[in-house]
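Me: I am new to reading protein models. Please take me through this one, and explain the words as we go.

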Amino acid sequence: MPHSYGYRARTRHMFAKQFRKHGQVQVSRYLRPFHAGDIVDIVADSAEQKGMPHKYYQGRTGVVYGVFPRAVGVIVYKTVGNRKIEKRVNLRVEHVRHSKCRDDFLNRVKANAAAKHAAKEKGEHVDLKRQPAQPREAHTLSVGGNKPVTLAPLPYDTYI
């Protein structure tokens, strides 16, 4: 077969729908509000071919710079040679979803604010620095109530 250099070349699995996820685009996709400055992930939905991103942008994260009636404009940085170029990509809302990359940060900001407020009421200082995950505590297992069991495979039998 001749080699193809088309716009969607070599995207057989990239743009394929997941198992039992075929069919029309869900209505809730159209009801999500997008605002300038939102951080979004670009994930193409092959059920809608209009406004679909190029395969390079699949899975990339960018910032919304404009909201239009059926689409959003997203700023994505593309590495070309030794530099990063700001690309402005216009995509339909079916191919864009809100990113969860800032959820941990925003939750931590709220928890820190609550901790500061509680510490201020008590008149004490609180340390809000994150600590790396520590090793698990040492512990011993007792085999008093549970004796070791030896597992062995069952012999093969055809049962015909």
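Me: What does S46 touch, not counting residues up to four places away in sequence?

Reply: S46 touches R8, F15, K17 and M52. Contact means heavy atoms within 4.5 Å. S46 itself is found in the loop between strand 1 (39-42) and strand 2 (61-67).

Me: Where do these numbers and values come from?

Reply: Residues are numbered from 1 along each chain as its sequence is written. The model is predicted, local features need pLDDT of at least 70, side-chain atom pairs count only at pLDDT 80 or more, and totals for chains, interfaces and linings use all residues, while side-chain values use heavy atoms and leave out hydrogens and water.

Me: Why does S46 count as buried?

Reply: Buried means under 20% relative accessible area, exposed means over 50%, and partly exposed is in between (1.4 Å probe, protein chains only). S46 has 16% relative accessibility, so S46 counts as buried. Of the 160 residues of the protein, 22% count as buried.

Me: Why is R20 called exposed?

Reply: R20 has a relative accessible area of 71%, so R20 is exposed. R20 lies in the segment before strand 1. Its phi is near 60 degrees, a positive value in a residue other than glycine.

Me: Why does R10 count as exposed?

Reply: R10 has 54% relative accessibility, so R10 counts as exposed. The place of R10 is in the segment before strand 1. Phi of R10 is near 60 degrees, again positive in a residue other than glycine.

Me: Why is Y30 called partly exposed?

Reply: The relative accessible area of Y30 is 42%, so Y30 is partly exposed. Y30 is placed in the segment before strand 1.

Me: Which residues form a nonpolar patch with Y30?

Reply: V27 and L31 join Y30 in a nonpolar patch on the surface, with about 350 Å² of accessible area together. Patches take residues with over 30% relative accessible area and no salt bridge; like charges are joined within 9 Å, nonpolar side chains (Val, Leu, Ile, Met, Phe, Trp, Tyr) within 5 Å. A salt bridge is a side-chain nitrogen of Lys or Arg within 4 Å of a carboxyl oxygen of Asp or Glu. Accessible areas come from the Shrake-Rupley method with a 1.4 Å probe, and for residues only the protein chains shown count as cover.

Me: How many helices and strands are there?

Reply: The protein has one helix and five strands. Along the sequence, the pattern is β-β-β-β-β-α. Helices (H or I, at least four residues) and strands (E, at least two) are DSSP runs, numbered from the N terminus.

Me: What makes strand 3 and strand 4 a pair?

Reply: Two strands pair if DSSP finds at least two bridges between them. Strand 3 (residues 71-80) and strand 4 (residues 83-92) have ten bridges, in the antiparallel sense. V72 stands opposite L91 in strand 4. The two strands form a hairpin with two residues between them, and G81 in the turn has a positive phi of about 65 degrees.

Me: Which strands pair with strand 1?

Reply: Strand 1 pairs with strand 2 over three bridges, in the antiparallel sense. There, V40 stands opposite G62. Strand 1 also pairs with strand 5 (residues 96-98) in the antiparallel sense, over three bridges. In strand 5, R97 is the bridge partner of D41.

Me: How do you know what radius of gyration a compact globule would have?

Reply: The globule rule is 2.2 Å times the number of residues to the power 0.38, and the radius of gyration is taken over C-alpha atoms. For 160 residues, a compact globule would have a radius near 15 Å, but the protein has 26 Å.
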